[in-house]
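Grab a coffee and work through these short exercises with the model open beside you. Try each task before reading its solution.

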Amino acid sequence: MTIDRDARGRRMVVRHVVGGRGPSGGPAMTGVVGRLVELTDDEARIERRDGSVARVPLADVVTWKVVPDRPTRTRAASAISADDL
């Protein structure tokens with residue numbers, strides 16, 4: 001599976017194989033969510049919310065999709081009353 005080069009700069013989730021067996025007996029997988037900052041012939045570099053960059057080999061990608069930007073919060077969730085929710 002390859003990632004569309006037009007997705008650069010967009011927020012996305014990339015599901016990929018990490019090796020070993022998963023809980024269902026199939027291959028172990030994980031996902032990374034963040035902005036696609038670079039795409040080479042061999043890997044995708046995804047910048048996470050904390051600023052770290054995940055390097056995902058394209059050969060290990062199972063699926064990917066562009067996801068909406070995180071909503072901007074104007075106040076902490078704990079500051080919202082139950083009635084307002």
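**Exercise 1. Work out in which order the five strands of the open sheet lie, and how they pair.**

Keep in mind that this is a predicted model. Reading across the open sheet, the strand order is 4-3-2-1-5, and the pairing is antiparallel. Now look at the ends of that order: strand 4 and strand 5 (61-66) are the edge strands, each with a single partner strand, so one side of each has no neighbour in the sheet. Finally, check the twist: on average, neighbouring strands are turned by 35° against each other, direction ignored.

**Exercise 2. Zoom in on strand 2 and strand 3 and find how many bridges join them.**

Strand 2 and strand 3 run antiparallel, and four bridges join them. For a spot to look at, pick L39, which sits opposite A44 in strand 3.

**Exercise 3. Find which residues make up the largest nonpolar core, and which strand gives the most to it.**

Start with the members: the largest nonpolar core has 12 residues, namely A7, M12, V14, V32, L36, L39, A44, I46, A54, V56, L58 and V61. Next, sort them by strand. Strand 1 (11-21), strand 2 (27-39), strand 3 and strand 4 each supply at least two residues of this core. Strand 2 gives the most, with three residues. L39 and A44, the facing pair from the previous exercise, both belong to this core.

**Exercise 4. Trace the salt bridges of R45 and see which residues end up in one network.**

A search of the whole structure turns up four salt bridges. Step one: R45 meets E38 side chain to side chain, at 2.6 Å from N to O. Step two: R45 also forms a salt bridge with E43, with the closest N and O atoms again 2.6 Å apart. Step three: move on from E43 to R55, where the salt bridge is 3.0 Å, N to O. This pair links distant parts of the chain, since E43 is in strand 3 (residues 43-47) and R55 in strand 4 (residues 53-57), 12 residues apart. Put together, salt bridges with shared partners join E38, E43, R45 and R55 into one network.

**Exercise 5. Sort E38, E43, R45 and R55 into buried, partly exposed or exposed.**

The cut-offs you need are under 20% relative accessible area for buried and over 50% for exposed. E43, at 16%, therefore counts as buried, and so does R45, at 18%. E38 comes out at 36%, so E38 is partly exposed. R55 has 53%, which means R55 is exposed.

Methods:
Residues are numbered from 1 along each chain as its sequence is written. This is a predicted model: local features need pLDDT of at least 70, side-chain atom pairs count only at pLDDT 80 or more; totals for chains, interfaces and linings use all residues. Side-chain values use heavy atoms; hydrogens and water are left out. Buried means under 20% relative accessible area, exposed over 50%, partly exposed in between (1.4 Å probe, protein chains only). A nonpolar core is a set of buried Ala, Val, Leu, Ile, Met, Phe, Trp, Tyr and Cys residues joined through side-chain atoms within 4.5 Å. Two strands pair if DSSP finds at least two bridges between them. Axes are lines fitted to C-alpha atoms, for helices over the stretch in contact, and angles run from 0 to 180 degrees between N-to-C directions.
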